[in-house]
Amino acid sequence: MGLLDSLEGMAASAMTNSGSDQAKVAGGLMQALQEHPEGVQAILNGFQNNGMAGHVEQWASGALQTATPEQVQTGLGGTGLIEATAEKAGVSPQVAQTILASVMPMVISHFAPNGQAPEQSQFSGLAGQLLQKFL
């Protein structure tokens, strides 16, 4: 099963409200990124600007090591993505932050290979198609 299949599965579970918190957070993140003006670039900028560029480089290269919730807070703090993801997923920001620690490497590996984010319009189309299948 490929990465996109995994994300589709998580989003499907999230959209049917029958999935785990991990599925809900993955779906919430896709929605939050689609609505965020910078999209995936907000994640890259957040981690790079907060001294965590090495994590992004590893994830972008396919080294899918998880982060810690503290690293997610450091990398995404101030972007609004943790809060937006939690709201869309129907979980607390703390739960979202914990789950994002395992989801973030997959998202970066898939949507920002080689550390380059797609244009927001490209991501929106992909995320929209992914989520539209399950609405």
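Angles between helix axes under 35 degrees count as roughly parallel, over 145 as roughly antiparallel, 65 to 115 as roughly perpendicular and the rest as oblique. Keep that scale at hand for the second stop.

This is a predicted model, in which local features need pLDDT of at least 70 and side-chain atom pairs count only at pLDDT 80 or more, while totals for chains, interfaces and linings use all residues. Residues are numbered from 1 along each chain as its sequence is written, and side-chain values use heavy atoms, with hydrogens and water left out.

**Stop 1: the whole chain**

Select the protein chain and show it as a cartoon. You will find eight helices and zero strands, in the order α-α-α-α-α-α-α-α. Helices here are DSSP runs of H or I with at least four residues, strands are runs of E with at least two, and both are numbered from the N terminus. Of the 135 residues, 43% count as buried; buried means under 20% relative accessible area, exposed over 50%, and partly exposed in between, with a 1.4 Å probe and protein chains only. Contacts (heavy atoms within 4.5 Å) between residues at least 6 apart in sequence join residues at least 24 apart in 74% of cases.

**Stop 2: H5 against H7**

Now select residues 69-76, which form H5, and residues 93-111, which form H7. Their axes, lines fitted to C-alpha atoms over the stretch in contact, with angles from 0 to 180 degrees between N-to-C directions, lie 8 Å apart at an angle of about 85°. H5 and H7 are therefore roughly perpendicular to each other.

Show side chains next. On the H5 side, pick Pro69, Glu70, Val72, Gln73 and Leu76; they meet Gln97, Thr98, Leu100, Ala101 and Met104 of H7. By class, this contact has six nonpolar, three polar and one charged residues. Ala, Val, Leu, Ile, Met, Phe, Trp, Tyr, Cys and Pro count as nonpolar, Asp, Glu, Lys and Arg as charged, and the others, Gly among them, as polar.

**Stop 3: the loop between H2 and H3**

Move to the loop between H2 (21-35) and H3 (40-49) and select His36. His36 counts as buried because its relative accessibility is 16%. Its side chain reaches the backbone oxygen of Thr79 at 3.3 Å.

Glu38 sits in the loop between H2 and H3 too. With 41% relative accessibility, Glu38 counts as partly exposed. Add Asn45 to the selection: a polar contact of 3.4 Å joins its side chain to that of Glu38. Such a contact is a pair of N or O atoms within 3.5 Å; within protein, one must be able to donate a hydrogen and the other to accept it, and residues adjacent in sequence count only if both atoms are side-chain atoms.

Finally, pick Ala117: its C-alpha atom is separated by 9.5 Å from that of Glu38, 79 residues away along the chain.
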